[in-house]
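Colleague: I'm new to this one, so could you pick a single part and give me a close look at it? Please fit it into its surroundings as you go.

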Amino acid sequence: MHDLEVGEHLYRFPGGLKLRHHKQIACRDPLLRPEMPEALYLPLQQHQGPAGEMLVAPGDRVLKGQPLSRARNDREVPVHAPTSGTISAIKAWPVSWPPDSEAECLVLQPDGKDAWFETTALDDWRHADPADLIGHIRAAGLAGLGGAMFPTAAKLRGEWQQVHTLILNGSECEPYISCDEMLMRERPGAIIEGGLILARALGADEVIIAIEDQMGAVDESLSRALAEHDPDDICRIVEVTTIYPEGGEKQLIQVLTGAEVPHDGLPQDLGLACLNVGTAAAARDAVIEGKPLIERIVTVSGPGIKHPRNVVALLGTPVSDLLAAAGGLDDDIERLVLGGPMSGLPLASDLIPVAKGSNCILVLRREDTRRVQPVMPCINCGECVRVCPASLLPQELYKYLKAEDYDETDSLHLFDCIECGCCAHVCPSHIPLVDWYRHGKGVLRERGIEDARAQKARQRFEAREKRIAEEKERRRLRREQREQKLKAGGDAKSEVQAAIERSRSKSAGPDQDGDS
Amino acid sequence: MKLTLAGAPHLPPINTVSGVMKQVLYALIPAIAAHVWFFGLGILFQIALAVAFALALEAVMLKLRERPLEPFLSDYSAVVTAVLFALCMPPLAPWWIALTGMVFAIVVAKHFYGGLGHNLFNPAMVGFAVVIVAFPLDLSQWLAPRQLSPGLPGLWQTAQAIFTGSLPEALSWDTLSQATPLDALKTGVAENRLVTEIRDAPIFGDFGGLGWEWIANFYALGGLWLLYRRVISWHVPVALLATVVVVTVPMWLMGPDINPSPLQHVFSGALVMAAFFIATDPVSGCSTMRGRLVFGAGVAILTLAIRRFGGYPDGVAFAVLLMNMAAPLIDRLTRPRTYGH
Amino acid sequence: MSATLAAMMVAVGVMLALLLGIGLVLLVSARKWRPDEDSVVEQINQILPQTQCGQCDYPGCRPYAEAIANGEADINQCPPGGEAGVKALADLLGRAPKPLDASHGETKPPLVAVIDEDRCIGCKLCIQACPVDAIVGAPKMMHTVIADECTGCELCLPPCPVDCIDLVPRRRPFIWSVDTVEVESREALEPAKTEREHA
């Protein structure tokens, strides 16, 4: 038994903002499956970590669900074909991260048949070995569908003490995003089964499903599904207050348990694991039906889209197809955002494909992003300090980053910033605080890399100097020995001479002496 | 389709600098109205002069420093400085008082240090401190409140007094002016009279001084509006006023004859105004919440000390300036604990 | 002597005594707790970028660090360290920072050496020149640069008799910029832009 109570009592995290939701506009219509796109673009790296080993080459014919790459360890995540067709090329294609960049993508031309590869389900998962479950989940290409795309297998096993509680994160706190809410309304049973599977893989005794208290319909559908799929009462639904950024892993854990994840540790160190409800549903599909991760629900919303809705998109679908499926764009579009308005990434083009962590495409017009005031100096009003959920001092961080004093920013715990955007949202001077923190983190990371390189270079330089010095010493010793021998060799020479004299005198000697 | 690649958040922030400053001005309106009611139109002239000088000086400094006039001139920060300064002035103070005050507030305290957001000291208080040291006589000529006055000066008379620097013939300082309650207390205590005796003077009302206590009430009202609109946080006002009460209650209980009561302290002078409007100046104050508590308490203690032991009847301005000096250190020492550490 | 004059002299005397006393204390402690010579060299070496390029006119970063500690060399002779390095050294040693001495070279972005395998003749001269042993190879065998170990010091370029070594910019991690960028959205992509065959 553990002594950390989860979900018994709800705590509050410091700061946070109550935001207008704009979520229901995309939930009014049922889920739509867009038409098959002309081509699917699959980046090899759709997760945090190295890409897997490639299994196909241009020209290969593939079937739906066929693995296109293989994971060699828990940090790599395989990619599967979303539909049947031909791999026409492997080429550079616009991707979402880094912004305005391209990466190697497999280009899949669908053949229209949508023929499935052979699926292997894990039938008796309730009694399966957790390692087998995790292996199956890894092979199905699961990564965190909440947006962070963390390799799921690496979250399920690793160097920690036993995890006792699995938290399924359904508290989607960011405005406009409603893909998790739709999933919870449409497939609550899949989420619960997935939760039970993941709990078995982790060895956890209970599952908490966290939803926001304004998700009324979700509570009903989940409760009904619980009655059907969870006879042992392992799962529990907990409603948390709707306040941004409640859905952040660290904040959710703080709300449910009152404990904080240590800054140099993981939730697993507290005996908790936190996974998105979408990941749970995908785990259920992988284990019970043998289907790998090839599609996900994406919210297409925002003031600039004609018909906001949630769509079931195949991975690799270009964003332009999703925009068309949602009725098309209004005039005067200024920005496409992957994610929500508070923490989403700007997209440089609508050719960028849907990846495993693409939860929402937000379309913003010029009038939505227009600033009425240019960036002004910080007036130290303290609003940012008041709203920061990590209890940081945003305006101090900003001042030191502007002055390029990176050591001080490190001591102000820059890396504990979760980039939620609350501080920038309340800043009266309209300072782009999150941009500065991302910039500072990049500089500090690069510094860390450079420092490590410099360390290594110094060690190798010193090792080389040592080696050269030793060689010199050895050569000097050998030279000395030779010189010694030569000098001794001079004595030997006179010895030979003496011996010759001796022999000469010997041959001359007896005559002189007259002896015979 | 041209797309911009800006970082999150993608919707513009909800506040603006001019919005924040305007809220402060709105919150001061009740107090200004009460001031006009009790002490006449002089205060409006002071405000108008100070604002005019402040904006003019700000424009000149921005030009000299090669900064754009927009948005700095229209962010209302100079206006707030000017109004707060003017509210500390006697109603009939000559026009050069406002000019001197604004020169030191805007040019020296604000722009010499780097402009908006960079001033170390509260500009209005710097202006006030310079003026009270340079023109002590003019700053001691306070008017008697409506209830005690033979007649508050009219519009034309007020204008004459302010713009020429001397009273019009019909009026004289003897009839018009009256020591402020704190002035009366100080001179009375120096003459070894009991506080209870001093309090019998007509200048004193129920709590503080006649008229002044009502103005303090309206400052508090404005302050509550600012709290509601989240322009200021509760830390400085609560710390300041609580410290005043905590320090004066024991003194008063031990010797009610020689020590003024806590309410008297609170409702006299500029303490309530300072609590909500002056000590809450964000740029020169503390940025951490715990630091603000310390700041407010420090201002209270220093003000009470100056009132009791110092040469000036009300030490709020100097107390604020002294705490401004300490603010960066207080910030450093009161950093909150980050999540996970 | 009048009372005021006496008082003044006492005041001046006390101040002088205080100043002398404090000065003496500082002098003695500076002599007694002088920073260890070796530790200063080590601290300077920690700041230097370890490129081991010799542009400072010393055969490596540690000799340069020792020269700075001795006072033989100035702090602004290291181009790979850049202005940031000069400032860090100035902060450490309590001196005024100065601009980089251009006669020692210019600060370049991080580079790595790459050997063109078609032209390499296996002469081992570059291997001997590399100060961090970042080139592997044997006589008459292919030489190659270990990119992770290469500091971009350029010492391998002069000895190569066939001039087969190139310096290319090192791949750096992405750093978010602080300005808003306007990008022309890529609506039409030319088909044969960057197709690459994979073995």
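Modeller: A helix here is a DSSP run of H or I that is at least four residues long, and helices are numbered from the N terminus. With that in hand, start at C:D38, which sits in helix α2 (residues 37-47) of chain C. Keep in mind that this is a predicted model. C:D38 counts as exposed because its relative accessible area is 54%, and the cut-off for exposed is over 50%. In sequence, C:D38 and C:A69 are 31 residues apart, yet their C-alpha atoms are 8.9 Å from each other in space.

Now for the close look: helix α6 of chain A, residues 249-257. This helix is mostly covered, with seven of its nine residues buried. Those buried ones run through A:Q251, A:L252, A:I253, A:Q254, A:V255, A:L256 and A:T257. So what does the covering? Among the elements over the buried residues of α6(A) are four strands of chain A: β7 (165-169), β8 (206-212), β9 (235-240) and β10 (272-276). Right after α6(A) comes A:G258, and its phi is positive, near 80°.

Step back to the chain around that helix. Chain A holds 14 helices and 15 strands, and buried residues account for 56% of its 516 residues. Take the contacts in chain A between residues at least 6 apart in sequence: 75% of them link residues at least 24 apart. As for overall dimensions, the C-alpha atoms of chain A fill a box of roughly 140 × 65 × 55 Å along the principal axes. The radius of gyration of chain A is 34 Å, whereas a compact globule of 516 residues would come in near 24 Å.

Chain A also has a partner to look at. In all, 68 of its residues are in contact with 41 residues of chain B. The area buried between the two is about 4,600 Å², and carbon and sulfur atoms give 59% of that. The rule finds three salt bridges across this interface. One of them pairs A:E260 with B:R337, whose closest N and O atoms are 3.0 Å apart. Chain A and chain B also share 24 residue pairs in polar contact, counting pairs with both residues at pLDDT 80 or more. On the side of chain A that touches chain B, strand β13 (residues 333-338) of chain A gives the largest share, five residues. Sorted by class, that side of chain A has 33 nonpolar, 19 polar and 16 charged residues.

Key. Residues numbered from 1 in each chain as written. Chains lettered and ligands numbered in written order. Predicted model: local features only at pLDDT ≥ 70, side-chain atom pairs only at ≥ 80, totals over all residues. Heavy atoms only, no water. Contact = heavy atoms within 4.5 Å. Buried area = accessible area lost by both parts, 1.4 Å probe. Salt bridge = Lys/Arg side-chain N within 4 Å of Asp/Glu carboxyl O. Polar contact = N/O pair within 3.5 Å; in protein donor to acceptor, adjacent residues only side chain to side chain. Helix = DSSP H or I, 4+ residues; strand = E, 2+ residues; numbered from the N terminus. Nonpolar A, V, L, I, M, F, W, Y, C, P; charged D, E, K, R; others polar. Rg over C-alpha atoms; globule rule 2.2 N^0.38 Å. Buried < 20%, exposed > 50% of the residue type's maximum accessible area, 1.4 Å probe, protein only.
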